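The exercises below concern the fold, the pockets and the aromatic pairs of one protein chain. Each consists of a task and a solution in steps.

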Amino acid sequence: MKRDLTTTLLGGATAVALLVAVGLGLSAPLDINQGSLVRLMFVHVPSAWLSYLAYGGTGLFGLLYLIRRQRRWDRLAMASAEIGVLFTVATIVGGMLWAKPTWGTYWVWDARLTTTALSLVVYGGYLLIRTLIDDPERRARVSAVVGIVGTLYVPVNYMAVEWWRGVHQTQTLKLLDGIRWDAAPVYLPTLFISLGAFTLLYALLLRVRGVMAAREEAREERELMNELGAAQPRAEVARG
């Protein structure tokens, strides 16, 4: 892929931010109760945040497509959904690594975990739908509607630990009814830097995947035009 200045600068900023986050995470003090397991928070929480951001982006870009009818919004919606699925898997894996030594098992059907797993079904279905519809315009419309409805997952998943109390702890960083941090203050700066680094990572992945999708779409259109062009002379010969 041909490089452009924006992608290069964004990639550099993302790399620096991730390196800083890794360094701060590894040097963070051990927790009294959890020991070094507390450092998983600096990956697990940002991964969950990035999945929320990506799914929200899927809904937003889908809405913009329905309003503007520009294919680039559909491409960005697809790219954002792929990123969301990837980091939902990362969230689940990070949670399992924390759960085994803490809960004694890798997985329980807790409300938070169950809704997280269901998001893979929803957005996996979103991506599957895109492969089943050949017409680009119809595919974009149907996908946009699914993507918009799918964003309901974000508030449901975030509030699951409050609405349905289970084994999963409540939010470490509470955003409703006043912002509150329910962990040692020493970890807060590192977590925010990690969140910023992952946000930059989302922007970078979205840009790169969007460009790749545009090129794939252009190639498919060229192949279709070539097929139509080859079919036309054959049809004229047959009529002659």
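## Exercise 1: The second largest pocket

In this predicted model, the helices α3, α4, α5 (136-150) and α7 each supply at least two residues of the lining of the second largest pocket.

Task. Determine which helix gives the largest share of this lining, and how the lining residues divide by class.

Solution.

1. The largest share comes from α7, with eight residues.
2. The volume of the second largest pocket is about 500 Å³.
3. There are 19 lining residues, and those closest to the centre of the pocket are Arg130, Arg139, Glu216, Glu217 and Glu220.
4. By class, the lining comprises 13 charged residues, five nonpolar residues and one polar residue. Arg and Glu both count as charged.

## Exercise 2: The largest pocket

Task. State the volume of the largest pocket, identify the helices that each supply at least two residues of its lining, and give the composition of the lining by class.

Solution.

1. The largest pocket encloses about 1100 Å³ of space.
2. Its lining is made up of 45 residues; His44, Val45, Arg112, His168 and Thr172 are the closest to the centre.
3. At least two lining residues come from each of α2, α3 (71-103), α4 (111-132), α6 and α7 (188-239).
4. Helix α3 makes the largest contribution to this lining, namely eight residues.
5. Sorted by class, the lining holds 28 nonpolar, 14 polar and three charged residues.

## Exercise 3: Aromatic pairs

Task. Analyse the pairs Tyr55–Tyr153 and Trp98–Trp103: assign the geometry of each, and decide for each residue whether it is buried or partly exposed.

Solution.

1. The whole structure contains 10 aromatic pairs.
2. In the pair of Tyr55 and Tyr153, the ring centres lie 5.5 Å apart and the planes meet at 80 degrees, so the pair is edge-to-face. The cut-off for this class is an angle over 60 degrees.
3. This pair links distant parts of the chain: Tyr55 belongs to helix α2 (residues 41-68) and Tyr153 to helix α6 (residues 153-163), with the two positions 98 residues apart in numbering.
4. Tyr55 has a relative accessible area of 0% and is therefore buried. Tyr153, at 12%, is buried as well, since the limit for this class is under 20%.
5. The rings of Trp98 and Trp103 also form an edge-to-face pair, with 5.4 Å from centre to centre and 85 degrees between the planes.
6. Trp98 is buried, with a relative accessible area of 17%. Trp103 has a relative accessibility of 25% and therefore counts as partly exposed.
7. Tyr55 and Tyr153 belong to one aromatic cluster, which also includes Tyr52, Tyr123 and Tyr126.

## Exercise 4: The chain as a whole

Task. Describe the order of the secondary structure elements, the share of buried residues, the range of the contacts and the accessible surface.

Solution.

1. The protein chain has seven helices and two strands.
2. Read from the N terminus, the order of these elements is α-α-α-α-α-α-β-β-α.
3. The chain has 240 residues, of which 39% count as buried.
4. Among contacts between residues at least 6 apart in sequence, 72% join residues at least 24 apart.
5. The accessible surface amounts to about 13600 Å², and carbon and sulfur atoms account for 67% of this area.

Key
Residues are numbered from 1 along each chain as its sequence is written. This is a predicted model: local features need pLDDT of at least 70, side-chain atom pairs count only at pLDDT 80 or more; totals for chains, interfaces and linings use all residues. Side-chain values use heavy atoms; hydrogens and water are left out. Rings of Phe, Tyr and Trp (its six-membered ring) pair if their centres lie within 6.5 Å; planes under 30 degrees apart count as stacked, over 60 as edge-to-face and the rest as tilted. Helices (H or I, at least four residues) and strands (E, at least two) are DSSP runs, numbered from the N terminus. Buried means under 20% relative accessible area, exposed over 50%, partly exposed in between (1.4 Å probe, protein chains only). Contact means heavy atoms within 4.5 Å. Accessible areas come from the Shrake-Rupley method with a 1.4 Å probe; for residues, only the protein chains shown count as cover. On a 1 Å grid over the protein atoms alone, a cavity is a set of points where a 1.4 Å probe fits but cannot get out, and a pocket is an open set with protein on both sides within 12 Å along at least five of seven lines; lining residues have an atom within 4 Å of a point. Grid points are joined across faces, edges and corners, and a volume is the space filled by probe spheres set on the points.
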